[in-house]
Amino acid sequence: MSPDASVWSERYRNANTPWDHGAAHPELERLLAEGRLAPPRPGARALVPGCGRGHDALALMDAGWEVTAIEFAPEAHAIVQAALAGKGGRALCADALAHAPLEPYDLLWEHTFFCALDPADRPRYAEFAQRVLRPGGLLAALVFPVGKGSETGGPPWGYDSSDLERELGAAFALRESGPARETIGERAWREDFALFERLP
Ligand SMILES: C[S@@+](CC[C@H](N)C(=O)[O-])C[C@H]1O[C@@H](n2cnc3c(N)ncnc32)[C@H](O)[C@@H]1O
């Protein structure tokens, strides 16, 4: 299914963005504070697809990552570009699933991007994740909304860590999964954390 930014653009124009809590996700903040998602070396590169207004991208930058943040809604992209510009980050206004980097990334941070995609696009997401990460690179996912039935439609489209594991296939190994320790309290469905390693 070809991605359509117009629905998301309208949301940003109308400030109808209930997923945006005005700050980086607290689970990401915890993982960074504990050094669990520390850059493995100077210059290590992180990708944030469907980054919205860029709160998570900024947190990753502040933790020392070289960040590329992709967002296809121009209204959100303009905000994230302004925020990242002074800090040396890179903001792209594009279909994230089509991203083909010259150099692969060390980290892919997933937060409310997979659930924003039509389920028909999940195989494209798996191809994208395999393409953009180096072998040994990590896909760290704030998995949400867990427990939301497919009959309720989307976005957000419900899924859990095993759905993501199945979609990613043999190119990835699930290293960790479970309930997120830090959550956005008022969210209607459960939040999990899952960590996948891109296999050689
Ligand atoms: C639910 S929002 C989450 C935004 C951000 N991750 C956050 O937590 O604030 C989903 C975002 O993904 C963007 N998006 C959806 N499909 C996209 C695509 N194919 N390429 C780039 N951005 C996309 C939307 O415009 C929207 O900003």
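Colleague: How far is a nitrogen atom of the ligand from an N or O atom in the side chain of Asp95?
Modeller: Keep in mind that this model is predicted. Asp95 is among the residues that come nearest to the ligand. The contact involves an N or O atom of the Asp95 side chain and a ligand nitrogen, and the distance is 2.8 Å.

Colleague: Which residue has a backbone N or O atom 2.9 Å from a nitrogen atom of the ligand?
Modeller: Two residues offer backbone atoms here. For Phe72, a backbone N or O atom lies 3.3 Å from a ligand nitrogen. The 2.9 Å distance belongs to a backbone N or O atom of Ala96.

Colleague: How much of the accessible area of the ligand does the protein cover?
Modeller: On its own, the ligand has 600 Å² of accessible area. It sits in the largest pocket. The protein covers 95% of that area.

Colleague: How many residues of the shell around the ligand are nonpolar?
Modeller: The ligand has 17 residues around it, including Tyr12, Gly50 and His111. Of the shell, 4 are polar and 2 are charged. The nonpolar residues number 11.

Colleague: How many disulfides does a search of the whole structure find?
Modeller: A disulfide needs two cysteine sulfur atoms within 2.5 Å. The sulfur closest to that of Cys51 is in Cys93, 9.4 Å away, so it is too far for a bond. For Cys115, the closest cysteine sulfur is in Cys51, at 14 Å, again too far. The search finds 0.

Colleague: Is Cys115 buried or exposed?
Modeller: The cut-off for buried is under 20% relative accessible area. Cys51, at 12%, is buried. Cys115 has 3% relative accessibility, so Cys115 counts as buried.

Note on methods
Residues are numbered from 1 along each chain as its sequence is written. This is a predicted model: local features need pLDDT of at least 70, side-chain atom pairs count only at pLDDT 80 or more; totals for chains, interfaces and linings use all residues. Side-chain values use heavy atoms; hydrogens and water are left out. Buried means under 20% relative accessible area, exposed over 50%, partly exposed in between (1.4 Å probe, protein chains only). A residue is near a molecule or strand if one of its heavy atoms lies within 4 Å of it. A polar contact is a pair of N or O atoms within 3.5 Å; within protein, one must be able to donate a hydrogen and the other to accept it, and residues adjacent in sequence count only if both atoms are side-chain atoms. Accessible areas come from the Shrake-Rupley method with a 1.4 Å probe; for residues, only the protein chains shown count as cover. On a 1 Å grid over the protein atoms alone, a cavity is a set of points where a 1.4 Å probe fits but cannot get out, and a pocket is an open set with protein on both sides within 12 Å along at least five of seven lines; lining residues have an atom within 4 Å of a point. A molecule sits in a cavity or pocket if more than half of its atoms lie within 2 Å of its grid points. Ala, Val, Leu, Ile, Met, Phe, Trp, Tyr, Cys and Pro count as nonpolar, Asp, Glu, Lys and Arg as charged, and the others, Gly among them, as polar.
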